[in-house]
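Visitor: I would like a close look at a single part of this model, the open sheet, together with whatever packs on it. Please take it strand by strand, and then say something about the cysteines.

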Amino acid sequence: MRLLRAGARPTTLRGRLSLLAVATAAFVMAVFTIVFNAFVQQHLARQADDQLRARASAIAATVDTSGPVLRVLETPQEDLLDTNAWIYQGTSLVEQPPAARADSPATRAAARLAAQGGAQCTTTSHDAADIRLCARPVPSPDGRERAATVVTALDLTPYRASGDTLLMASLALDAVMLLCTYAVTRLAIGRALRPVRTMTDQAAQWSATASEERFSGVPRPAELARLGASLDAFLDRIRAALRHEQQLTSELSHELRNPLATIVAELDWWQARPRSENETVTVQRAIGDAARTMRTICDTLLAEAREDAGRSPGTTAVLPVLNALADRTDPDIVSVRVVIADEGGELTAGVPAAVLDRIVSPLLDNALRYAATAVDLRAFREPGCVRIEVGDDGPGVPECFRAHLFQPGRRADPGDGHDGAGLGLPLARRLARSAGGEAELGEQGGGGAVFVVRLPAG
């Protein structure tokens, strides 16, 4: 058993419960031992008094009180009856044990009992031994007065020895019972706690490996079932945190890919041959814009990953953000048209500009990837919110894939020749929802796909 340095208190739960069980058993056994030995002492004392009274009654039957002088009749067992017996007529000693001296403690105690009269008992000590004496009055023939008194004595040493033997035996039995209680309790608690240790080891292993194992699928006692439910909830939170971390890493890599590709392309073009000063400035400006875009992406996604993600105060004019997104596209490949259908003044959304950019940008990238000739960015006001639509004239979304469209890593046709990791659309929806809005697939018209973003109005 492992013990603390300060004192002897066990540090393990099994040790503490075992100690508690032993302490409780020791208290109960102590009470029972005291009660049992007190009962034994009382029983032995009653046995001694009963034996003394029986001997006194037998001796009283041999006393003749019919004449003026008391006579002791002869009996076949006279020697046995006369052992440790005194006979008094009044206070006068008529007969005493042959070995008793007149000044011995037993004789003086017998004289006091005879003088007091009545059936009484007393205990005296002689030579380190306790002697019990009991008196029995012998009535006169007419029964009106006491004619004589018989006092018998008994050495209590055998009775005390029997009581001490029983006490030592009960203490030894208590010690054996305490040892057995400790051993059985420790063994039982160890067996009871074995599933807890197993569950703890499994929880540590499963949380480290992001396993999908659970405790609730195994039949367990009620207490362990509740513990298993708590551990399942704890593991679910760990798994959610791991998934969130993996998702954040994937989203960062996905969003940073385009700016990095721009930087690499500009550097390759600049290093291909000597460039003029104006061309060098243009390359530097493009690299700087891409680097600032990367920083904005990192700041936006990291801020969204925090606990207060999407609740940052601020409003943004929608048109400048959409125009900036359109300006980053190549008009020679796909034409991007921006339409603001709002007659009530400037259209604003209740999110920061960086968040709005990161919500619409994946939808625009997806539209550019599948559009045939044109992509439309339309924004207009709805009651309490701003609606932004990103539509293309591509093949659209297959009906069978609509339910899986916003699941991370899912693509309708991974072999269609278009790059993409299936992370942009889930990112757009997650950012929109964290800002109090929504991103979803709209109704498809004659061709192409339409993605709808609703955000709180600014």
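Guide: A residue is called buried here when its relative accessible area is under 20%, exposed when that value is over 50%, and partly exposed in between. By that cut-off cysteine 385, with a relative accessible area of 13%, is buried, and its number is also the one at which strand β12, covering residues 385-392, begins. The model is a predicted one, and all that follows should be read in that light.

The sheet to which β12 belongs is open and has 5 strands, in the order β9-β11-β12-β14-β13, with mixed pairing. The edges are formed by β9 (335-341) and β13 (438-441); each of these has a single partner strand, so one side of each is left without a neighbour in the sheet. On average, and with direction ignored, neighbouring strands of this sheet are turned by 15° against each other.

In general, the strands of a sheet pair through backbone hydrogen bonds, in either a parallel or an antiparallel way. For β12 and β14, the latter spanning residues 450-456, the sense is antiparallel, and the pairing extends over 7 bridges. One position can be followed across this pair: valine 390 has phenylalanine 451, in β14, as its bridge partner.

Two helices accompany the sheet. Helix α7, made of residues 318-327, packs on the sheet and touches β9, β11 (374-382) and β12, while its direction makes about 175° with that of β9. Helix α9, made of residues 424-434, lies across β13 and β14, and runs at about 140° to β13.

As for the cysteines, a search of the whole structure finds 1 disulfide, which joins cysteine 121 to cysteine 134 with an S to S distance of 2.0 Å. The link is right-handed, with 110° about the S-S bond. Cysteine 121 lies in strand β5 (residues 121-126) and cysteine 134 in strand β6 (residues 129-139), so the disulfide ties together parts that are 13 residues apart in sequence. The two ends can also be described by their accessibility: cysteine 121 is partly exposed, at 26% relative accessible area, whereas cysteine 134 is buried, at 1%. Cysteine 180, at 40% relative accessibility, counts as partly exposed.

Notes: Residues are numbered from 1 along each chain as its sequence is written. This is a predicted model: local features need pLDDT of at least 70, side-chain atom pairs count only at pLDDT 80 or more; totals for chains, interfaces and linings use all residues. Side-chain values use heavy atoms; hydrogens and water are left out. Two strands pair if DSSP finds at least two bridges between them. Helices (H or I, at least four residues) and strands (E, at least two) are DSSP runs, numbered from the N terminus. Axes are lines fitted to C-alpha atoms, for helices over the stretch in contact, and angles run from 0 to 180 degrees between N-to-C directions. Contact means heavy atoms within 4.5 Å. A disulfide is a pair of cysteine sulfur atoms within 2.5 Å. Buried means under 20% relative accessible area, exposed over 50%, partly exposed in between (1.4 Å probe, protein chains only).
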